[in-house]
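Student: I would like a close look at one part of this chain and how it sits in the whole. Please take the helix residues that meet partners far along the sequence, and then work outward to the loops, the cysteines and the overall fold.

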Amino acid sequence: MPESDGLIRGLGRLEATNLVVGGIIGTSIFLITSEIATIVGSPGLVLITWLVAGLLAGAAALCFAELSAAIPRTGGTYVFLKRAYRSEIVAFSFGWMMCFAYGTGAIAVVAIMAATFLIPVLEAVGIPAAGRLGQIAVALIAILTLLNVQGIREGGITQNVITFLKLLLIAALMSVPLFLGEPRLGRFTEVSNAASPGSMAAAVGTALMICLFSYNGAYFVTHVAGEIREPRKNIPKAILGGFLIVLCVYLSINVLYLTVMPFPDIEASERIAADLMGRLLGPAGAILTSVVVFVSAIGVLNAQLLNYPRIQFALASDGLFFRRIAVVSEKTKTPAAAILLVGFFSSLFALTGSYVLILSYVAFVIHFFICLSVIAVIILRIREPELERPYRVWGYPLTPAAFLLVSIFYLGNLLVTQPFNVAVGITIVLSGLPFYVYWRKIREARGSNV
């Protein structure tokens, strides 16, 4: 049925679940296990790292599930921050950063990764693509941007197709080493460096910081809450079900890596999935891996372009952004201007190559905002005990506390090791404050009651 903001509820539980799965499973599962192996030094600790990271990220996902079930409004995190902290400045700062730094920069990164793995596939079929990385990335962003402008159902169907294809291709990829690679559980006893229990714990803690971001994306679905049918019921189930699928996929892939490849080879590999498939299938294995990683990246890219623009739409709807961004297309019932804006800035980052630098600057502030969202669960439990909560976080308050304790370590590490980057990231957020003051004055002049 239509919403008062002009959006329609065109997504069901299936689309919501696929938005979670497709938004989380990207390229890192095919790349970073080698780096984790080098840090922790044994197959068992690699698997423990992926499991613990999944449980910690799952704790944050459960918090977002409670918030989205209680406050199922378009804009997700932006809305939660405004409600919990009773501060438009905090919520605005998050939205500003997502539009001009983290969100658009992350889209550019995923598009570049997708293009990187698409190029060898194109070359293999005789299509010249070398040296066109930026142009291909922008083309991918443009195609998915225009597709999402056409309608929420079109975006949802695309997410369904890509996610099903992604899972099918991952299953096919996993079946090759399962049947041809002679998995041996005995490989779990291999160790590259002996260490004391204390140093092992420190190594796992360091590896967790790399691994945690591979689980990022469970909150994507909260940003389109205003376009999901029965959001109080479907969003928590989508987050829980989708995250469990991701955790099973990640652990299964890592078990295959660790039981098929000798551990020293895992540590030495730069692209572990491609190296494994290359051993088993030769050049065809590398091409198959490229196809799988490309499809996986495209799934994330579509999920990003489906959810990030809704944050800017919510900002504009509150009178704190360009008025045009709050307009819903009469034809497609989508926030078309917001989608086009995000696609445009993402394309600029992809072309200029500044996306890696931007993400390194805002790594601290994006995780800080995620922590604020998790703390929002505690604040609202205390201040609004009567708020209807169709879903409540399992293990509260230990669940959010566990995530926050690890986050303190992570944020503190960034402050110590990358103080310049942290300072630049904070400056990017603060740069939006003059615009906040400007838009708020305009809203007051118009007599808005937002």
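Tutor: What follows starts with two helix residues and then widens to the rest of the chain.

The model is predicted. Begin with L372, which lies in helix 15. Is this residue buried or exposed? With a relative accessibility of 13%, L372 counts as buried, since the cut-off for that class is under 20%. Apart from neighbours within four places in sequence, the residues in contact with L372 are L81, Y85 and V90. Y85 is 287 residues away from L372 in sequence, yet the two C-alpha atoms are 9.0 Å apart in space.

The surroundings of these partners can be placed along the chain. Helix 4 covers residues 77-85 and helix 5 covers residues 88-100, and the loop between them holds R86. R86 has a phi near 50 degrees, a positive value in a residue that is not glycine. The relative accessible area of R86 is 63%, so R86 is exposed. A second non-glycine residue with positive phi is E230, where the angle is near 45 degrees. E230 sits in the loop that links helix 9 (197-211) to helix 10 (231-260).

Helix 15 itself runs over 355-383, and the loop between it and helix 16 (398-417) contains P397. The peptide bond leading from Y396 into P397 is cis, its omega being near 5 degrees.

The other helix residue is V149, which belongs to helix 7, residues 133-149. V149 is buried because its relative accessibility is 12%, below the 20% limit. Its contacts, neighbours within four places in sequence left aside, are T332, T334, A336, I339 and L340. V149 also has a C-alpha to C-alpha distance of 9.0 Å to L306, with their positions 157 residues apart in sequence.

Next come the cysteines. How many disulfides does the structure hold? There are zero. In the case of C211, the closest cysteine sulfur is that of C248, and at 15 Å the separation is too far for a bond; a disulfide would need the sulfur atoms within 2.5 Å. C371 is likewise in no disulfide, the nearest cysteine sulfur being that of C63, 10 Å away. Both cysteines are covered: C211 is buried with a relative accessible area of 0%, and C371 is buried with 7%.

Now the chain as a whole. Its secondary structure consists of 18 helices and zero strands. The radius of gyration is 22 Å, close to the 22 Å expected from the globule rule for 450 residues, so the chain is as compact as a globular protein of that length. Along the principal axes, the C-alpha atoms fill a box of roughly 70 × 55 × 40 Å. Of the 450 residues, 58% are buried. Contacts that join residues at least 24 apart make up 83% of those between residues at least 6 apart in sequence.

The surface and the charges complete the account. The accessible surface of the chain is about 17,800 Å², and carbon and sulfur atoms account for 69% of that area. The chain carries 30 positive and 22 negative charges, and the mean positions of the two sets lie 8 Å apart.

Key:
Residues are numbered from 1 along each chain as its sequence is written. This is a predicted model: local features need pLDDT of at least 70, side-chain atom pairs count only at pLDDT 80 or more; totals for chains, interfaces and linings use all residues. Side-chain values use heavy atoms; hydrogens and water are left out. Buried means under 20% relative accessible area, exposed over 50%, partly exposed in between (1.4 Å probe, protein chains only). Helices (H or I, at least four residues) and strands (E, at least two) are DSSP runs, numbered from the N terminus. The radius of gyration is taken over C-alpha atoms; the globule rule is 2.2 Å times the number of residues to the power 0.38. Contact means heavy atoms within 4.5 Å. Accessible areas come from the Shrake-Rupley method with a 1.4 Å probe; for residues, only the protein chains shown count as cover. Lys and Arg count as positive and Asp and Glu as negative; His and the chain ends are not counted. The place of a charge is taken as NZ of Lys, CZ of Arg, CG of Asp or CD of Glu.
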